[in-house]
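Take a walk through this structure, one site at a time. Keep the coordinates open as you read.

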Amino acid sequence: MRVAIMGAGIGGLALAQGLLKAGVDVTVFERDPSPQYRKQGYRIHISPVGEEALAAVLPDAVRRRVIATATQPGDLVAGFDAQLNTQFEQVFPVAGPDSVTSVDRYAFRRALMTGLDDVLEFGKQFTSYVETPDGVEVAFADGTSAVADVLVGADGVGSRVRGSLLPDQDVVDIGVRCIYGKVPLTPAVRAIAPAAFLRGFCFASDGSGLGAAFGPVVFREAPAEYGDYLMAVLTGTNEVLGTSDEELFAMSPADLWGIVARSVADWHPAIRSLVDAAEVDAAFPITLRTCIDVPSWSSEHVTLLGDAVHPMTPAAGAGANTALWDAARLTRALTSGEDLASYQRDMIANGQAAVTESLENAERLFGVSIPA
Ligand SMILES: Cc1cc2nc3c(=O)[nH]c(=O)nc-3n(C[C@H](O)[C@H](O)[C@H](O)COP(=O)(O)OP(=O)(O)OC[C@H]3O[C@@H](n4cnc5c(N)ncnc54)[C@H](O)[C@@H]3O)c2cc1C
């Protein structure tokens, strides 16, 4: 069986590892020109569901790379008001040295690429496919094509595979924008950061619809390109941020970070100092999008996983973990003679539960109402 995976993101790479380990003929096609660093980063919480999926699909050497490049585990999730008064706090036992509880997105993807050199093709932007009596023929933007028995769309929230397979499937913009940034964890920053921000994921809100999330990324083994940092993300609607999408997505990193600095000007001095200490060039904006219902379809040769089929807001910390779950379930289906329908049935049930939880959390956390 030949499997062609579109997208070398978290789900596509995990699936490729699982299939390669089982001896399946697999190729991953990624539109990025190379695996080199580009702005894409955030700290991703890995849940026990994600850890279990990684253990199921990864060969031991790759799993060791994932563990080595993960972040030091934290022991706290907490919420604050803008003056840093604690609103809620949950303390966890510190995870063991072989546990993966959060990762840096770039470092994680690089670790997941370990051993895939011969099956990973960069600069391949999927454009369309046709089903043939024997399988699928896939076309790329560079004019080349590939044939496979099974095509897996693992090409993220804007999936073109989904666009061809399910042209009527809606992805909803929940109206929340994030300005993502990084504060390098220098000794001076460690000295001014509230202790909780160095222990785990923290969210502060001023009650007007503005929120700011912070999470430490303290590497076990840092990538060559950068070191430990504090993830810092401002969230709000366009109205609350005082900018249109047209303006926001055309801004320079310095102007984006100017919005963050203005937004927290009246907040606790420690938060203001952290914002002042950020690496301004790292700033970039994100739109939060979700599906409402995970779709079903019928095809013997084409399937989807991860954000390509069930994009969700980050409010439940579940998108990547659900993509990993999909990868493990699809590996099992493709290596044990099951049909794709059985994978789709389980993926839809599991994905829908995660989407519903993320919708409920997003309404509570961001104060928005998401149309059903
Ligand atoms: C701010 C933020 C914080 C988050 N935090 C968490 C968290 O803590 N925990 C969690 O579980 N999830 C989190 N998520 C969600 C998580 O990042 C996604 O759910 C996850 O990356 C989905 O993985 P994926 O493999 O489906 O898609 P992606 O990781 O998006 O990968 C898709 C890949 O496909 C490639 N591609 C796209 N189009 C094409 C094409 N036409 N041809 C070829 N390749 C293509 C892309 O370049 C990319 O490499 C967060 C998301 C955001 C925005």
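What follows covers the ligand site, a helix pair and two single residues.

The model is predicted. Start at the ligand. There are 31 residues around it. Gly11, Glu30, His45, Asp307 and Ala320 come nearest. Three polar contacts can be picked out. Glycine 11 uses its backbone: an N or O atom there lies 2.7 Å from an oxygen atom of the ligand. Arginine 105 uses its side chain, with an N or O atom 2.9 Å from a ligand oxygen. Asparagine 321 also offers a side-chain N or O atom, at 3.0 Å from an oxygen atom of the ligand.

Asparagine 321 leads on to the helices. It is one of the α11 residues in the contact with α2. How are two packed helices described? By the angle between their axes and the distance between those axes. Here, helix α2 spans residues 48–57 and helix α11 spans residues 319–335. They pack at an angle of about 35 degrees. Their axes are 8 Å apart. The crossing of α2 past α11 is left-handed. From α2, the contact takes in Val49, Gly50, Ala53, Leu54, Ala56 and Val57. From α11 come Asn321, Leu324, Trp325, Ala327, Ala328 and Thr331. Which classes of residue make up this contact of α2 with α11? Nine are nonpolar, three are polar, and none is charged.

Now turn to histidine 301. It sits in the loop between β16 (284–290) and β17 (302–304). Is histidine 301 buried or exposed? Its relative accessibility is 14%. The cut-off for buried is under 20%, so histidine 301 counts as buried. Beyond residues up to four places away in sequence, histidine 301 touches Glu131, Thr132, Pro133, Asp134, Gly135 and Val136. Asp149, Val150, Leu151 and Leu340 are touched as well. With aspartate 149 there is a polar contact: its backbone oxygen lies 3.0 Å from a polar atom of the histidine 301 side chain.

Aspartate 245 is the last stop. It lies in helix α8, residues 245–248. Its relative accessible area is 27%. Partly exposed covers the range between under 20% and over 50%, so aspartate 245 is partly exposed. Apart from neighbours within four places in sequence, aspartate 245 is in contact with Arg177 and Asn238. The contact with asparagine 238 includes a polar one, side chain to side chain, at 3.3 Å. For a longer view, take alanine 95, 150 residues from aspartate 245 along the chain. The C-alpha atoms of the two are separated by 40 Å.

Notes
Residues are numbered from 1 along each chain as its sequence is written. This is a predicted model: local features need pLDDT of at least 70, side-chain atom pairs count only at pLDDT 80 or more; totals for chains, interfaces and linings use all residues. Side-chain values use heavy atoms; hydrogens and water are left out. Helices (H or I, at least four residues) and strands (E, at least two) are DSSP runs, numbered from the N terminus. Buried means under 20% relative accessible area, exposed over 50%, partly exposed in between (1.4 Å probe, protein chains only). A polar contact is a pair of N or O atoms within 3.5 Å; within protein, one must be able to donate a hydrogen and the other to accept it, and residues adjacent in sequence count only if both atoms are side-chain atoms. Contact means heavy atoms within 4.5 Å. Axes are lines fitted to C-alpha atoms, for helices over the stretch in contact, and angles run from 0 to 180 degrees between N-to-C directions. A crossing is left-handed if the near helix is turned anticlockwise from the far one by less than a right angle, and right-handed if clockwise. Ala, Val, Leu, Ile, Met, Phe, Trp, Tyr, Cys and Pro count as nonpolar, Asp, Glu, Lys and Arg as charged, and the others, Gly among them, as polar. A residue is near a molecule or strand if one of its heavy atoms lies within 4 Å of it.
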